[in-house]
Amino acid sequence: MQINDIVENFTLQNQDNKTINLTDFKGSPVVLFFYPRADTPGCTIESCGFRDAFEKFQKADIVVLGISRDTVKDQKKFQTKYDLPYDLLADPGMELINRYDLVKPKNMYGKLVKGVKRTTYLIGPDQRLIHIFDEVKPEGHAEEVLTLLKNHK
């Protein structure tokens, strides 16, 4: 997927088992952030960063969606535990994760393992890809995304 490409629609369940489609948000910018696993240290820092900046995203009419390979039930527990005000999408079959080619080799405590690469996609109101953050550092990421989107208008 390249910048300015139309982002293909997808359908996933959110933490409340409600069906969410990308096309539901046509007309609004969408932040699609993929994280490896709910309630792990880096993912918690990143998700809480989006929580803490959520009011700014709302004021700018920007939709925030978190996605991981966790189940609906695990996403709900994560959302409740940290009071996350946006939808967390469950992709346990890794349909979207594989479509976006996000399973990559990672170094985990000196051992090479395959896992979901922390990546964020910014999608414009016209459903075109604006930007890809593929080397995401959890700390300060939400503000980095907000700054880029505000400068993009």
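User: When a residue is called buried, what relative accessible area does it have, and what share of the protein counts as buried?
Analyst: A residue is buried when its relative accessible area is under 20%. The structure above is a predicted model. Of its 153 residues, the share that counts as buried is 47%.

User: How many helices and strands does the protein have, and why can it be called as compact as a globular protein of its length?
Analyst: From the N terminus, the elements follow the order β-β-β-α-α-β-α-β-α-β-β-β-β-α. In total there are five helices and nine strands. The globule rule gives 15 Å for 153 residues, and the protein is as compact as a globular protein of that length because its radius of gyration is close to this value, at 14 Å.

User: Which helix gives the most residues to the largest nonpolar core?
Analyst: In soluble globular proteins, nonpolar side chains tend to be buried together. The largest nonpolar core here has 25 residues. Strands S3 and S9 and helices H1, H2 and H5 each supply at least two of them. With four residues, the element that gives the most is H5.

User: Which residues does Phe57 contact, leaving aside its neighbours within four places in sequence?
Analyst: Phe57 is one of the residues with the most contacts inside the largest core, as are Val31, Phe50, Tyr86 and Val145. Beyond its sequence neighbours, its contacts are Val31, Phe50, Ile62, Val64, Ala142, Val145 and Leu146.

User: How many residues does the other core have?
Analyst: This core lies apart from the largest one. Leu22, Val63, Met94 and Ile97 are among its members, and its number of residues is 22.

Technical notes:
Residues are numbered from 1 along each chain as its sequence is written. This is a predicted model: local features need pLDDT of at least 70, side-chain atom pairs count only at pLDDT 80 or more; totals for chains, interfaces and linings use all residues. Side-chain values use heavy atoms; hydrogens and water are left out. Helices (H or I, at least four residues) and strands (E, at least two) are DSSP runs, numbered from the N terminus. The radius of gyration is taken over C-alpha atoms; the globule rule is 2.2 Å times the number of residues to the power 0.38. Buried means under 20% relative accessible area, exposed over 50%, partly exposed in between (1.4 Å probe, protein chains only). A nonpolar core is a set of buried Ala, Val, Leu, Ile, Met, Phe, Trp, Tyr and Cys residues joined through side-chain atoms within 4.5 Å. Contact means heavy atoms within 4.5 Å.
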